[in-house]
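Reader: I would like a close look at a single helix of this chain, and at how the chain around that helix is built. Please keep it plain.

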Number of protein chains: 2
Amino acid sequence: MVFMSRQVVKIPADIREFVVEKAQIYPTNTVILSPDTGLFKGVFKNPQIQLVTETRTLFTEHIVLSDHVPVEEIWISDEMLEQLGTKEGEKIQVLPLSRTPPDSYWLIRKRMIQKRPFLPTEITMIVNDIAHHRLNQLEKTTFVLSQVYEPFNMEEIEELTRAMAETGDMIDFGQQTVFGKHSTGGVPGNKVSLLIVPIIAAAGLLIPKTSSRAITSPSGTADTMEAFGCDVVFNADELVEISQKTRGMIVWGGGFNLAPADDILIRDVEFPLGVNPSTMMLASIMSKKVATGIHFLVMDLPTGYGTKIKDIGSAQALGRDFAELGRRLDIRVESGITFGASPVGHTVGPALEAREALQTLMNPREGPSSLVEKSCELSGILLEMAGKALRGQGRELAKQILYKGQALDKFCEILDAQSGDGSLKPSDIPVGEHSVEILSQSSGWIVQIDNVKIAEIARTAGCPKDKGAGIVFLKKKDAVKRGESMIRIYSSSESRLSAAEGKFAKLNPITIEGMLIGRV
Amino acid sequence: MVFMSRQVVKIPADIREFVVEKAQIYPTNTVILSPDTGLFKGVFKNPQIQLVTETRTLFTEHIVLSDHVPVEEIWISDEMLEQLGTKEGEKIQVLPLSRTPPDSYWLIRKRMIQKRPFLPTEITMIVNDIAHHRLNQLEKTTFVLSQVYEPFNMEEIEELTRAMAETGDMIDFGQQTVFGKHSTGGVPGNKVSLLIVPIIAAAGLLIPKTSSRAITSPSGTADTMEAFGCDVVFNADELVEISQKTRGMIVWGGGFNLAPADDILIRDVEFPLGVNPSTMMLASIMSKKVATGIHFLVMDLPTGYGTKIKDIGSAQALGRDFAELGRRLDIRVESGITFGASPVGHTVGPALEAREALQTLMNPREGPSSLVEKSCELSGILLEMAGKALRGQGRELAKQILYKGQALDKFCEILDAQSGDGSLKPSDIPVGEHSVEILSQSSGWIVQIDNVKIAEIARTAGCPKDKGAGIVFLKKKDAVKRGESMIRIYSSSESRLSAAEGKFAKLNPITIEGMLIGRV
């Protein structure tokens, strides 16, 4: 009734040859066979197929049987066909077998049962197998969940970080000192990288920033850069070459092959299960930094409701962990704990955020203080780390660079370098042609804007695919009167706009408190 | 970079209608679509499809894209077609969505993060979702692994057992008292049920035994019964009706729908990952007992190398857990801790074991003492629990029933009732036509026969599918001389026989110690 042993079911003596029929198949490691092949008539727990040609062997993970496939054919994907080096219509040996987990899985299982830390070599082996698709989804889940129950110690995190970085591309800036900025996320409208990168680059420091595209948020920095009309996909050589000149770039990190094992674990385990152990978060972020060759890093740790960090105490502990992990990896890390419970600036959505960032670079005195202050504080930390400013004076230097227009000049240079237009004006950036203003139902003070709800409304309006979609806060931490406009929602589609309006009414993301607190 | 929120990607407004093309597809909840449908062009983490007809809605788990499928067609399995109530060639609505885990998964996740026990109602909800295929493989893995790290307490095990039993068939023997026997397994040749059932039934007690087929072992009791030429697949009504007359039956438990959630977890999680938390083992065994309506149960706990139970201390603790769990479920359980480090009797493999069991029933005085003693000890426990014998005298009563031929008569009656032949002789049972004897390479004493290696050799010879395949121990705990025959291997296939012979030479499952222990 209960099976403990792992046992390879014997391969039948009568190996069958099949005619390869190429097909565009997804997932790519899937094969489709006729149920009448008789290939899996015995007991096959975890059935798997080994495809054998004269020179290559390949294992498949997903087997689908369908009687649309002729008995003597096997349908395999273009990618597998290429890996096998076989041509369509050629014959191929198809061996059924019962999959045995790779050795690295037994290490994962051993840590789980014996509750003892991994050795560095063990982690290297596991990460290598993840990067090369040798562990299946269940086995990868066991690896991630082991960190929820028996968190990795710092030695294990260090090795996980190193191994994830080293199994992907490593970008080489030679002898130059490289600066970076990263946020743990969760705050809509957090466009600070668009100010920090030009400020730091204008100070003469090298900051080739890799950013993400939005997955569950309304806009990633890479999406916003695209709203400027810029390219964000570059290869490593281009990144190194262009940033020699501009000192700063803002590109999409997914355009490289940085720490692919990390992306695999996020896609196959962490996202579907909604789990993200803090040890994985540390290793995930730092592995990308190791792979991009960064020496000095400022971490933005947005803290508060709706973000990943609940309270100041957790943020402080996380900041210390980043510093310690960085020390082991020769990256100096300092963290800024920032207020994360409300959106940054007055806009959410790619084009609207692009407009606001450019406006603020052009006229910082009239920019939203949350955006200007946060950008200058985080820039100041980097300037101090670099020795460009004395301790406590970095923020002032950042402000000077911004206020004197040096950051704007640098940003225009970056736009040009990334195939954009350096003479762009904010109004040149197209926003959604449909918009609606939402009026306050009561008079009082706006005391809270809910990040999670705002993100959902913006996504309903079309973010991030619809670059012109988004939200403008007409009032923020202000007094409002009943009937006054609070926000404006934009979309390129009328139906999505009214869906977003309906979502606003349902979610009610803005809390207004009357002047009268209570009456006794 | 890191995604924490679960977010349903919006269903596009342009719902597409597809023509249903029926196909024999496995896994059955798979659909095959053209990659050109454009159905999944947006961001779909965990893509899933909702199939909508006028009356029904169905969710698929596996989506395969293949350009062999015409753009306007969707290939779905016979089973899904039936569930949808749609005919081939009809139109069907196909809605892409990003799968959100069911509520029960968030309970599993909550226990994991907060490290607090489940409430009974939570377990009921989870097991219900498992039985109805609403949790995916990853989510089920999280449920099982949570028991490895934070073992269930007895309340949780009790509720898991009850919920697993109640989500499947419940066999009803009315007012009658039902007896049972179960082994935790791991010992090849353990044919004791073939003696215990007739002994207990001959004493007038009702023992409708459900047995397993071999999965990783050489032979399950159900396989051995088939080697007698008996049917082992019955429905619940037949089991109740036939065992009214014979008092005893030996049938295949898999022929019913007993605790299906347990089978799902074994197949999807425990077997592929090679994990079997002790809390799952308790609930697994006892849920089947609850579902078969058992009141008195004797547990065989084979202990020692190669079994699931390492040492006497663990066996005692497990026995106490079975007793306590039984008390909560109104099943009286007593456990026998048995020597499990060597095979039971002299034969391994369905037909050989059938022959040996029948021979022993016909002539117990010449049967292997390991088989006779173990069968009578475990039978004795049941006879004492039933009040048929005083404490300490059950074993003697069992022996009397066996030695007087009453157990043989009863067994023949059972053979007849299960469509076998009650006048069968041991030599009537066909064994493999090819055999080979393996000679000892040295002189000395056989001190150990390795269960795991013996099982592997027997499986190589063809067990359990080849009913005539197996091993006979010509010597066991005996003195052997160099060149003397130790074992004989049988198979119906010459090539499998020589593979088994090769496996024997490689594994060397029999340890022989010389009379001279050492020389100083």
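Author: What follows takes the helix, then the chain as a whole, then a contact between two domains.

The model is predicted. Helix H10 of chain A runs over residues 278–291. Its 14 residues, at 1.5 Å each, should span 20 Å, and the C-alpha atoms at its ends are 20 Å apart, so the expected and modelled lengths agree. Of those 14 residues, 13 are buried, which means that H10(A) is largely enclosed by the rest of the structure. Just after H10(A) comes Gly293(A), with a positive phi of about 75 degrees.

Chain A holds 17 helices and 20 strands. Buried residues are 52% of its 520 residues. A compact globule with 520 residues would have a radius of gyration near 24 Å; chain A has 27 Å, and this agrees. The C-alpha trace spans about 80 × 55 × 55 Å along its principal axes. Among contacts in chain A with a separation of 6 or more, 80% join residues 24 or more positions apart.

The domain assignment of chain A lists domain 1 (16–98), domain 2 (179–255 + 283–417) and domain 3 (434–513). The C-alpha centres of domain 2 and domain 3 of chain A are 26 Å apart. Their contact takes 23 residues from domain 2 and 20 residues from domain 3. On the domain 2 side, helix H7 (221–227), strand E14 (347–348) and helix H12 (350–362) of chain A each give two or more residues. That side divides into 11 nonpolar, 9 polar and 3 charged residues.

Technical notes: Residues numbered from 1 in each chain as written. Chains lettered and ligands numbered in written order. Predicted model: local features only at pLDDT ≥ 70, side-chain atom pairs only at ≥ 80, totals over all residues. Helix = DSSP H or I, 4+ residues; strand = E, 2+ residues; numbered from the N terminus. Rg over C-alpha atoms; globule rule 2.2 N^0.38 Å. Buried ≥ 20, exposed ≤ 12 C-beta atoms within 10 Å, placed from the backbone. Contact = placed C-beta atoms within 7 Å. Expected span 1.5 Å × (residues − 1). Domains from an automatic or database assignment. Nonpolar A, V, L, I, M, F, W, Y, C, P; charged D, E, K, R; others polar.
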